[in-house]
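Colleague: Please take a close look at one part of this structure and stay with it before moving outwards. I would like a connected account, with the cut-offs behind each term you use.

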Amino acid sequence: MMTDQHMLIIIILCGIVTILVRVIPFMMISRVNLPDVIIQWLSFIPITLFTALVLDGIIQQHEGSVGYTLNVPFIIALIPTVLLAIYTRSLTWTILGGIAFIALLRFFL
């Protein structure tokens with residue numbers, strides 16, 4: 001019983017720290033007028049992070065081996081996800097669609 005209470009306290013504290021780490025920078029930067037060059041540079045961050053996550057899922061390195069392999073189900077799910085992204089131009093629908101496509105592939109394969 002004590003372990004459950006300790007875990008709950010740890011989870012709550014981790015949530016508070018996570019919120020603070022994410023909210024405080026936005027509060028600080030919202031009061032500063034950033035130059036246009038920095039704003040333009042910051043606009044590239046979402047697409048670079050999304051690309052890094054996609055490539056990390058597609059290209060895999062197995063523990064104890066040399067070289068890389070391709071994750072074929074991810075590549076198969078990537079094709080309709082990219083088409084959905086082009087069609088909807090919505091990050092939310094793209095992510096939800098990609099999750100649905102990979103879930104369907106895992107269910108049927």
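Modeller: Helix 3 supplies the largest share of the lining of the second largest pocket, six residues (helices are DSSP runs of H or I with at least four residues, strands runs of E with at least two, numbered from the N terminus). This is a predicted model, in which local features need pLDDT of at least 70 and side-chain atom pairs count only at pLDDT 80 or more, while totals for chains, interfaces and linings use all residues. Residues are numbered from 1 along each chain as its sequence is written, and side-chain values use heavy atoms, with hydrogens and water left out.

The second largest pocket holds about 300 Å³ of space, and 15 residues line it, with Pro46, Ile47, Phe50, Leu91 and Thr94 closest to its centre. Two or more lining residues come from each of helix 3, helix 4 and helix 5. By class, this lining divides into 11 nonpolar, three polar and one charged residues (Ala, Val, Leu, Ile, Met, Phe, Trp, Tyr, Cys and Pro are nonpolar, Asp, Glu, Lys and Arg charged, the others, including Gly, polar). A pocket here is an open set of points on a 1 Å grid over the protein atoms alone, where a 1.4 Å probe fits, with protein on both sides within 12 Å along at least five of seven lines, and lining residues have an atom within 4 Å of a point; the volume is the space filled by probe spheres set on points joined across faces, edges and corners.

The largest pocket, for its part, encloses about 370 Å³, and it too is lined by 15 residues, of which Phe50, Val54, Thr81, Gly98 and Ile99 lie nearest its centre. Helix 3 (45-58), helix 4 (72-88) and helix 5 (91-108) are the elements that give two or more residues to that lining. Here it is helix 5 that makes the largest contribution, with six residues, and the lining as a whole has 10 nonpolar, four polar and one charged residues. Phe50 is thus named close to the centre of both pockets.

Two further residues of helix 3 help to fill in the picture. Thr48 lies in this helix and is partly exposed, with a relative accessible area of 45% (buried is under 20%, exposed over 50%, partly exposed in between, with a 1.4 Å probe and protein chains only). Ile58 also belongs to helix 3, but it is buried, at a relative accessible area of 10%. Setting aside neighbours within four places in sequence, Ile58 is in contact (heavy atoms within 4.5 Å) with Thr69, Leu70, Asn71, Phe74, Ile75 and Leu78. By contrast, Ile58 and Leu34, 24 residues apart in sequence, are 36 Å apart in space, C-alpha to C-alpha.

On helix 4, Ala85 is partly exposed at 27% relative accessibility. Beyond its neighbours within four places in sequence, Ala85 is in contact with Ser90 and Thr94, and Thr94 is one of the residues closest to the centre of the second largest pocket. Measured against helix 3 by C-alpha atoms, Ala85 is 15 Å from Thr48, 37 residues away in sequence, and 17 Å from Ile45, 40 residues away along the chain. Arg89 follows in the loop between helix 4 and helix 5, where it counts as exposed at 74% relative accessibility. Although not a glycine, Arg89 has a positive phi of about 55°; most residues other than glycine have a negative phi.

For the wider setting, an unreviewed UniProt entry annotates residues 7-26, 38-59, 66-85 and 91-108 as "transmembrane region", and such annotations may be inferred rather than shown by experiment. In the model, residues 38-59 are 86% helix and 5% strand, with end C-alpha atoms 31 Å apart, whereas residues 66-85 are 70% helix and 10% strand, with ends 34 Å apart. The chain is divided into domain 1 (1-32) and domain 2 (35-59 + 71-108), bounds that come from an automatic or database domain assignment, and the centres of the two domains, taken over C-alpha atoms, are separated by 27 Å.
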